[in-house]
Amino acid sequence: MTERSHESHENVPSRQRRRFAGISSRAYEHPADRSALVALRKLSGFDTVFKTLSGLLPERSLRLLFLSDSVRVSDAQFAHLNDMLRDACYILDLEKVPPMYVNQDPQPNAMCIGLDEPIIVVTTGLVELLDEEEMRAVIGHEVGHALSGHAVYRTILLFLTSIALKVAWIPLGNVAIMAIVTALREWFRKSELSADRAGLLVGQDLQASMRGLMKIAGGNHLHEMNVDAFLAQADEYEKGGDLRDSVLKILNLLPRSHPFTTVRAAELKKWSETRDYQRIMDGHYPRRDEDKDTSVTDSFRESAAHYADTVRSSKDPLMKLVGDIAGGAGDLGGKLRDKFTGQGGSSAGKGGATDGSADSARPEEPGNPDGPGTGSGPAGS
């Protein structure tokens with residue numbers, strides 16, 4: 001660590017936390033995050049768009065905007081947030097502390113953006129909603145984005161979303177852009193799971209991370225909420241309903257840049273109970289100086305193993321069906337019919353389908369279900 005960066009990490013909070021010197025972002029990155037980013041980079045036209053936008057995006061203008069119309073965190077302004085930021089950078093060994101701004105916005109939100117250098121922005125709604133330990137996890141989340149290099153892709157996602165809206169009136173004008181935006185959103189939802197893990201490594205307080213996610217979902221009413229009940233919602237969401245519900249879940253998720261909050265909480269708790277997390281806390285984790293020797297094949301293999309395990313262990317009706325088919329269990333057409341109609345295998349009987357089964361097997365139109373907004377999503381982008 002340079003002398004300058006050492007000075008920038010002075011005055012960290014007094015509570016003793018484990019520091020992860022030289023930690024690589026590979027230590028906490030979700031396998032789906034890495035595989036989605038690889039798939040994104042392989043998307044036709046992405047390299048061209050990326051290279052073009054890297055030279056055109058008004059990053060200087062963006063920095064001047066926050067400098068002129070937000071409050072920059074420092075020892076003189078929002079000093080407690082400045083302490084948390086330096087502490088997070090110290091724990092994850094991010095040598096250069098990124099500038100952080102507080103922006104007037106009642107919507108609880110945070111983001112890490114920038115092409116050359118990351119900028120962290122938190123809203124007043126978030127600062128007023130969370131207590132110190134909850135906020136520490138969110139700042140750690142954003143520092144995790146910075147360490148993983150997510151800020152570049154997040155900035156491009158914001159810019160392309162704006163462009164897509166402006167050219168939507170041109171016939172087929174936004175098709176290519178929306179294809180890339182959709183792929184970026186899919187990656188970014190996965191990257192949020194990685195950053196949540198980074199937030200836990202910084203805060204080292206699972207309950208604070210859980211409380212923060214509950215507040216983002218239900219506001220500042222902790223006395224009315226319960227962590228176990230909140231996590232039970234995620235379980236009910238995953239395994240509930242039939243194939244029609246699985247399709248609706250996908251349609252609800254596609255416009256979002258963030259996973260659903262209950263799902264994030266469940267994923268983080270699950271990771272906190274793994275051997276991988278315990279090994280990191282014990283000081284055994286991948287180092288940045290080993291990144292150049294990392295095998296791409298091993299990364300693909302790890303991602304493939306993760307998805308296979310997800311299919312096997314998932315309680316979602318669609319994922320269970322995929323698992324059954326992959327295992328060679330039965331007739332695809334019959335399974336689809338039974339899953340969509342909610343009938344058992346005996347419903348067809350010996351004589352084939354019962355009267356009206358053709359109508360009942362037809363899935364309901366998903367329509368345009370009311371769902372969460374399409375914005376950047378609450379807290380922790």
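User: Which residue in strand 4 is the bridge partner of Met100?

Analyst: The bridge partner of Met100 is Ile120. Before we go on, note that this is a predicted model, where local features need pLDDT of at least 70, side-chain atom pairs count only at pLDDT 80 or more, and totals for chains, interfaces and linings use all residues. Residues are numbered from 1 along each chain as its sequence is written, and side-chain values use heavy atoms, leaving out hydrogens and water.

User: What makes strand 2 and strand 4 a pair?

Analyst: Two strands pair if DSSP finds at least two bridges between them. Strand 2 (residues 100–103) and strand 4 (residues 119–123) are joined by four bridges and run parallel. The count meets the cut-off, so they pair. Strands here are DSSP runs (E, at least two residues) and helices are too (H or I, at least four), numbered from the N terminus.

User: How many bridges hold strand 3 to strand 4?

Analyst: Four bridges pair strand 3 (residues 110–113) with strand 4, in the antiparallel sense. You can find Met111 opposite Val121 and Ile113 opposite Ile119. The two strands form a hairpin with five residues between them, and Gly114 in the turn has a positive phi of about 125 degrees.

User: What makes strand 1 and strand 3 the edge strands?

Analyst: The open sheet has four strands in the order 1-2-4-3, with mixed pairing. Strand 1 (71–72) and strand 3 each pair on one side only. Strand 1 is joined to strand 2 by two bridges, running antiparallel, with Val71 opposite Val102.

User: Why is strand 4 called mostly covered?

Analyst: Five of its five residues are buried, which means under 20% relative accessible area (exposed is over 50%, partly exposed in between; 1.4 Å probe, protein chains only). Ile119, Val121 and Thr123 lie on one side, with Ile120 and Val122 on the other. In strand 3, Ala110 and Cys112 point one way and Met111 and Ile113 the other, and all are buried. In a regular strand the side chains alternate between the two faces of the sheet.

User: Why are Phe20 and Tyr285 called an edge-to-face pair?

Analyst: Rings of Phe, Tyr and Trp (its six-membered ring) pair if their centres lie within 6.5 Å; planes under 30 degrees apart are stacked, over 60 edge-to-face and the rest tilted. Phe20 and Tyr285 are 5.8 Å apart, centre to centre, with 85 degrees between the planes, so both tests are met. The two residues are 265 residues apart along the chain, and both are buried. Trp271 and Tyr277 are also edge-to-face, at 5.1 Å and 65 degrees.

User: How do you know that the charged end of Arg287 sits over the ring of Tyr285?

Analyst: The rule asks for NZ of Lys or CZ of Arg within 6 Å of the ring centre and within 35 degrees of the ring normal. The charged end of Arg287 is 3.9 Å from the centre of the Tyr285 ring and counts as over it. Arg19 likewise lies over the face of Tyr90, at 4.3 Å.

User: Why are helix 10 and helix 13 called roughly antiparallel?

Analyst: Angles over 145 degrees count as roughly antiparallel (under 35 roughly parallel, 65 to 115 roughly perpendicular, the rest oblique). The axes of helix 10 (residues 206–218) and helix 13 (residues 261–272) come within 9 Å and cross at roughly 170 degrees, so the pair is roughly antiparallel.

How values were computed. Axes fitted to C-alpha atoms, helices over the stretch in contact; angles between N-to-C directions.
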